[in-house]
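Student: Please take one close look at the enclosed space inside this protein, and then work outwards to the ligand site, the open pocket and the backbone details around them. I would like the terms made explicit as you go, with their cut-offs.

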Amino acid sequence: MNTIVNGLQWGDEGKGKIVDYLTEDADVVVRGQGGNNAGHTVIVSEDKYILHLVPSGILWKQKKNIIGNGVVIDPVGLVNEIETLENQGVTITPENLLISDRAHVVLPYHCDLDAAQEQARGKFAIGTTRRGIGPTYSDKATRNGLRMADLLDPGLARDLISVRLEDANSFMKGHGMPSHDTSAVMEAVEPALARLKPHVTNTIPALHEAWREGKSIVCEGAQGTFLDIDFGTYPFVTSSNTTAGGACTGTGLPPVAIDRVVGVCKAYTTRVGEGAHITECQEFSDYLHNMGREFGATTGRKRRCGWLDCVLLRFACMVNGVTDLAVTNLDGLDERESIRICTAYEIDGVEHTFPPAHRGAWERALPVYETLPGWNSDTSTCRRWDELPSEAQSYLTRLSELAGAPVKYVGIGPDREQTILL
Ligand code: IMP
C-alpha cells in the first residue's frame, strides 16, 4: 500500500504525527518537495523531535528514508539536523537515509537573495521563512541551479557558482546585501557535503525496487495545499507543488503506484506569514496561544488562527484526490462553548464554494458560517470514536460532508498514541 500524506491547509496541520502513525506499517518514507522551511514536530512518549528535511520514518528502526529529487537541501542545515537527531539517540546511516543526487542545493547566497527579494517586493512581501527556498527553486526553473551531484564535483561546482554569482551579487548589492565569493561559498558547505556524501545516490531505482517488491511507501508532504505554487493563495505561497502531484514528480514514483491519499487538516485553520486567511479570529488565536499552542516549529512565529475553512478544505480534497481525511488537534476546541465552521465565502454579495484566483477577491471575501455546539470537555483520553463526545462526532461528520471526503483518523493531543483510527 503506497500512500501520499499531504497537508490540506497552510502547513502545520500535524502531518508529522500522522506520517509517524502510518509509518508503523510502512517500509519506506520519502519526501518529495520543500526544504528546511518545513518543520514537523513528532512526540514519542516523553521525547520531542523536530524534523525539517529528514523524513519522519527515521524515528522508527528498520525503515528506509529518502530525501527525493524534488526537495531543496541546505547541506549545513541538514547536517545540523542529523547531528541533533543523533544526539537524541536516533541512528542515521547511509542505509536508512538516502539523499537524491538530483535534489537541488540551497547555498548561502540563496538565503540572502530570499531576503533581498522580500525587500524588493515592498508592500507585496510574502513573509518567507528566509531559508532560500524561492531562489533555489527559481534557479532550478531557470536552469541556474546546482544539484547534489554537481556539488560533489568541486571543480564543476566552483565554475557554476562563480557564473551564478556574477548576476546574484549585483542584485544583492542593489539591496544592500553583502556580495558572496565562490571560495567562501564552497568553504561554507564543503564539510557538510563531505558528511552527506555517503548518503547521496540515485534514489529513484531504490524507490522502484521497493514498489516492485510490494513494500509499503509513504510520501511525506511538507507545507500544505494553499502554499502550493499552482493551487495556493498565490503569490503568498511557497515555491513547490505541495499537493499530491508533487509527490510523484518529486520522488520519481509514478501516479499508478499510489493507492491512497491521506489529507491532513486541523480541526480549525492556521497560517503563518502573510496572505489571506478568511476565518482568522483574534479571540480564537489568543485562546490557542494562551494554551501555549500554535507557535511555528521552524521560526517560532505565532500562527494566525481561525475557524475551520471548508471552502479551502473542499478544494484541497479535490486537487489532492483525498481518499482519507485525518483531522488533527481536535482537543484545541475542547474548551469552546460553540464552534464555527465556514461553508462558503461571500464576495461582492455572491456566495462562492470554491476559493477565488484573483488577489483582490481574497481581500473582499467574507466567511459564511454555520455554528455548531461545542463539547466543552477534555478529549485527551479518548482513544475510540465512540468515546468522543457526541458534539465532537457531529462536528467531524459535518466537516466530512462539507469537505467531500471521509474522516478516517482523528488526532487529539500531540502524542503518537493519541490517534483514533476509524
Ligand atoms: P518560503 O517557503 O520560505 O518561501 O515561504 C513562503 C510562505 O510559505 C510563507 O508564508 C511561509 O510562512 C510559508 N511556509 C513555508 N513553509 C511552511 C511550513 O512548513 N509551514 C507553514 N508555512 C510555511
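Tutor: On a 1 Å grid over the protein atoms alone, a cavity is a set of points where a 1.4 Å probe fits but cannot get out, whereas a pocket is an open set with protein on both sides within 12 Å along at least five of seven lines, and a lining residue has an atom within 4 Å of a point. Points are joined across faces, edges and corners, and a volume is the space filled by probe spheres set on them. The model is predicted, and local features therefore need pLDDT of at least 70 and side-chain atom pairs 80 or more, while totals for chains, interfaces and linings use all residues. Residues are numbered from 1 along each chain as its sequence is written, and side-chain values use heavy atoms, without hydrogens or water.

By this rule, one cavity of 30 Å³ or more is counted, and the volume of the largest cavity is about 50 Å³. Its lining is drawn from several stretches of the chain: Asn6, then Gly32 and Gln33, then Cys219, Glu220 and Gly221, and further on Asn241, Thr242, Thr243, Gly246 and Ala247. Two elements, strand β10 (217-220) and helix α9 (244-249), each give two or more residues to this lining; helices (H or I, at least four residues) and strands (E, at least two) are DSSP runs numbered from the N terminus. Sorted by class, the lining of the largest cavity has eight polar residues, two nonpolar residues and one charged residue, where Ala, Val, Leu, Ile, Met, Phe, Trp, Tyr, Cys and Pro count as nonpolar, Asp, Glu, Lys and Arg as charged, and the others, Gly among them, as polar.

Glu220, one of the lining residues of the largest cavity, also links this region to strand β3 (residues 40-44), where His40 lies. The side chain of His40 makes a polar contact with the side chain of Glu220 at 3.0 Å, a polar contact being a pair of N or O atoms within 3.5 Å (within protein, one must be able to donate a hydrogen and the other to accept it, and sequence neighbours count only through side-chain atoms on both sides). His40 counts as buried because its relative accessible area is 6%; buried means under 20%, exposed over 50% and partly exposed in between, for a 1.4 Å probe and protein chains only. Between β10 and α9 there is also a loop that holds Pro235, and the peptide bond from Tyr234 to Pro235 is cis, with omega near 5°.

Turning to the ligand, Asp12, Asn37, Thr129, Thr238 and Arg301 come nearest among the 15 residues around it, a residue being near if one of its heavy atoms lies within 4 Å. An N or O atom in the side chain of Asp12 is 3.2 Å from a nitrogen atom of the ligand, and a polar side-chain atom of Asn37 lies 2.9 Å from a ligand oxygen atom. Gly127 approaches through its backbone, with an N or O atom 3.5 Å from an oxygen atom of the ligand. By class, this shell has seven polar, six nonpolar and two charged residues.

The second largest pocket holds about 480 Å³ of space, and of its 23 lining residues Trp60, Lys61, Gln62, Lys63 and Asn96 are the closest to its centre. Helix α8 (residues 203-212) gives the most to that lining, with three residues, and the lining as a whole divides into nine nonpolar, eight charged and six polar residues.

Some single residues in the loops complete the picture. Glu13 is in the loop between β1 (3-7) and α1 (15-23), and it counts as buried because its relative accessible area is 0%; its C-alpha atom is 5.2 Å from that of Lys266, although the two are 253 residues apart along the chain. Arg130, in the loop between α3 (108-121) and α4 (133-141), has a positive phi of about 60° although it is not a glycine, and at 44% relative accessible area Arg130 is partly exposed. Asn329 also has a positive phi, near 60°, in the loop between β15 (324-328) and β16 (338-347), but Asn329 is buried, with a relative accessible area of 17%. Glu401, in helix α13 (residues 390-403), counts as exposed because its relative accessibility is 51%, and its side chain makes a polar contact of 2.7 Å with the side chain of Arg398.
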